[in-house]
Amino acid sequence: MAIYDLKAPFRDEDICALRIGDQVTLTGEAFTCRSKLQRTVFDENKKLPDRYRPIRTLIHTGPIVNVYQDRYELVSFMPTSSVRFEKWGARSVREWNLQVIVGKTTMGPDTMAAMKAYHCVHLSPQSVSPNLWLDSIRILGVNWFDEMGSIEAPWLLELNRLGPFVVDIDTEGNNLFDEMDLHVQENKLNVYKSLGIPEDFKPTKLH
Amino acid sequence: MIQQSTLRQAIDQAIVRGATWISEDVLAALEKAQSIETNPSSKKGLDQTIRSLYLSRDRQVPACPDTGWPLFFFKIGNEALLEGGLTALKTLTQEAVAAATARGILRRTMKHPLTGYDPGNNIGENIPWITTQFVPGDEIQVTYAAKGGGSEVFGGAQSRMVAFADGLTGIRKFIIDAYTAATRAGAICPPSILGVGIGGTANISADLAKEAACLRLIGSRHPEAAFHELEVTLKDAINQLGIGTMGAGGKTSVLAVHVEYAYTHIAGISVSISSNCFVARRGTCCVHADNTLEVRENPNWFGGR
C-alpha cells in the first residue's frame, strides 16, 4: 500500500494507478454535496453553476459553518455516508466529470460501474478526527446557500493535503470493503460456533 | 424551588458537554483499544480520533459535525419543584437547543421528514425528544445524548421479534447478524457501544437499547448474572469478527455491550439493538434544590449503572 499526495488537476493516469488500500491526501479545489444538491441538479434540472464545472473532487459531507458578515468559519468537518446518494452516484460521476469522491460507507454497484468507466475513485476516512482536518480546508465560497442551508449547500473548498483517506473503490472496480466483508463473514461462522448457534439455525418466522 | 433560569443553565451545560466532550470512560476504552491494536489502519484511526477528541475538549467545538437528534433524558426528583411547573421542560429544552445551534455547538440537522424543510434551529414537531423518569429526592438531572445519524440510520438501530421457541440462540443470532451488517464499510462508525433491549413491546425494547447504548458507562455491568453473561459473551464474540475501527479490520469491533430487559408477553420476545458511534457523547448536569449545579460523568440512568 502506497501513500500519495494528489494535487489537482489530477492526471488520469495518477487516478488509475490508485489501488484499494492506498492512502491519499488531497490538495486543490473541491465542492461539498448532499442529496439536496443532487436532487436540484438531476431531478429538477437546474444547472450546476459554472464555477463548479472544472472541479473534479466531490466530498459528501455536512459541515458546521458559522456565517459572519465578512467570512465563513468552518467549525467541524467529517465525510459522511455516501451510500445514501447511490441514486444519483453514476450521474454525478458522469455529468460532473468526477475523479475523486470522498465519503463514508463506500457506494453501490451502479456508481462503481460508472467509476470504472469514467476513471474515478472513492476515498473513505479511517478516523473521526475533524479537528485534525480543519487546518487543511479553506472555504472559498458557496452557492444556493439560502435555498439549501448551511449543511446542504455546495461549499467551494480549497484543500491543502487533506487526509489521509483510504482508497476503497478503485478504477478497476475493486471494493476494499467487499474484501473486508469476506473476512468478517468467515469469522462470523466461528462466532456462531463459539456462541452455540447451529450453522443451519433458521429463526422461526412470526409473520 | 428550582428556578427555570438555573435549569436552563444545566441544559446548556449538558448540550455543550454532550456535543464537545468525551467522557472519561469512553476515552479510556478508546485508549485501551488503541494500545492493543495491531492492525495499522485501525491503530492509526484510533490515534487520530483520540487526538481530535482532546482538541474538541480544549476548543469546545463539536467532536463530530453530526451532533445528532437532540435527545434529553431527565431524572426528576419526586419532591423537586420547578418554577412554573414541569411543562417548562419543553420550552427550556427548545430554547437551549436553538441557542446552541446558533452558536455552532449543534449542527442544523433536524429537517421536516416529508419536505426536507430546515427550520434552522433544530426545533420541530416532537423534537427535541424528552424522556423522563421519576426518582426519590428533590433535584432535577438532565442528560443530553448526541445520537448521530451514522449510528442510527445505517443499520445500527434494528428490531426483531424472536419466538420463545428460538430463545437465547435466536436472540444472539439476530444481534450478531444485525451488528455485522451495520458495521460493513464502517457505516455506523465502529467500534460502537452496542445497546441491546430484550422484552416488552417493540418500542420498549428499542428505548431500552438506545438508553443502554447512550447512558450507561463503559465498564458497567448488568446486576443479574444471566444478562451480565450475555453482555460478556456478546462482546467477546463480536471482537472476534475483525471489523475494527471504521471497518478497517482489527481487534476491537465493539467497545462495550450493554443489555437491558423488560418482562415480555408469552407470544414473543422483542429484541432491539441500538449502536452509539465510538465518538460516543453524553453530557449530564444536575440542579440541586438550592439551585446549585453539578456536572456529572455518570447519568446513573439504570439505578447503579
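The following paragraphs describe a predicted model, beginning with the contact between chains A and B and continuing with the packing inside chain B.

The contact draws 43 residues from chain A and 52 residues from chain B. On the chain A side, two or more residues each are given by strand 4 (64–67), strand 5 (72–76), helix 5 (130–133), helix 6 (145–152) and helix 7 (176–194) of chain A. Helix 7 of chain A supplies the largest share of that side, 10 residues. By residue type, the side of chain A that touches chain B comprises 20 nonpolar, 19 polar and four charged residues.

Within chain B, helix 1 (residues 4–20) packs against helix 4 (residues 88–103) at an angle of about 45 degrees, and their axes lie 9 Å apart. Angles that are neither roughly parallel, roughly antiparallel nor roughly perpendicular count as oblique, and helix 1 and helix 4 of chain B are therefore oblique to each other. The crossing of these two helices is right-handed. Among the residues that meet here are Leu7(B), Ile11(B) and Ile15(B) from helix 1 of chain B, and Leu92(B), Ala96(B) and Ala100(B) from helix 4 of chain B. The residues of this contact divide into seven nonpolar, two polar and three charged.

Chain B also contains an open sheet of four strands in the order 4-7-5-6, with mixed pairing. Strand 4 (157–162) and strand 6 (254–261) of chain B each have a single partner strand, so one side of each is left without a neighbour in the sheet. On average, neighbouring strands of this sheet are turned by 15 degrees against each other, direction ignored. Strand 5 (residues 192–198) and strand 7 (residues 269–276) of chain B run antiparallel and are joined by six bridges. Gly195(B) stands opposite Ser274(B) of strand 7 of chain B.

Methods
Residues are numbered from 1 along each chain as its sequence is written. Chains are lettered from A and ligands numbered from 1 in the order in which they are written. This is a predicted model: local features need pLDDT of at least 70, side-chain atom pairs count only at pLDDT 80 or more; totals for chains, interfaces and linings use all residues. Two residues are in contact if their C-beta atoms, placed from the backbone, lie within 7 Å. Ala, Val, Leu, Ile, Met, Phe, Trp, Tyr, Cys and Pro count as nonpolar, Asp, Glu, Lys and Arg as charged, and the others, Gly among them, as polar. Axes are lines fitted to C-alpha atoms, for helices over the stretch in contact, and angles run from 0 to 180 degrees between N-to-C directions. Angles under 35 degrees count as roughly parallel, over 145 as roughly antiparallel, 65 to 115 as roughly perpendicular and the rest as oblique. A crossing is left-handed if the near helix is turned anticlockwise from the far one by less than a right angle, and right-handed if clockwise. Two strands pair if DSSP finds at least two bridges between them.
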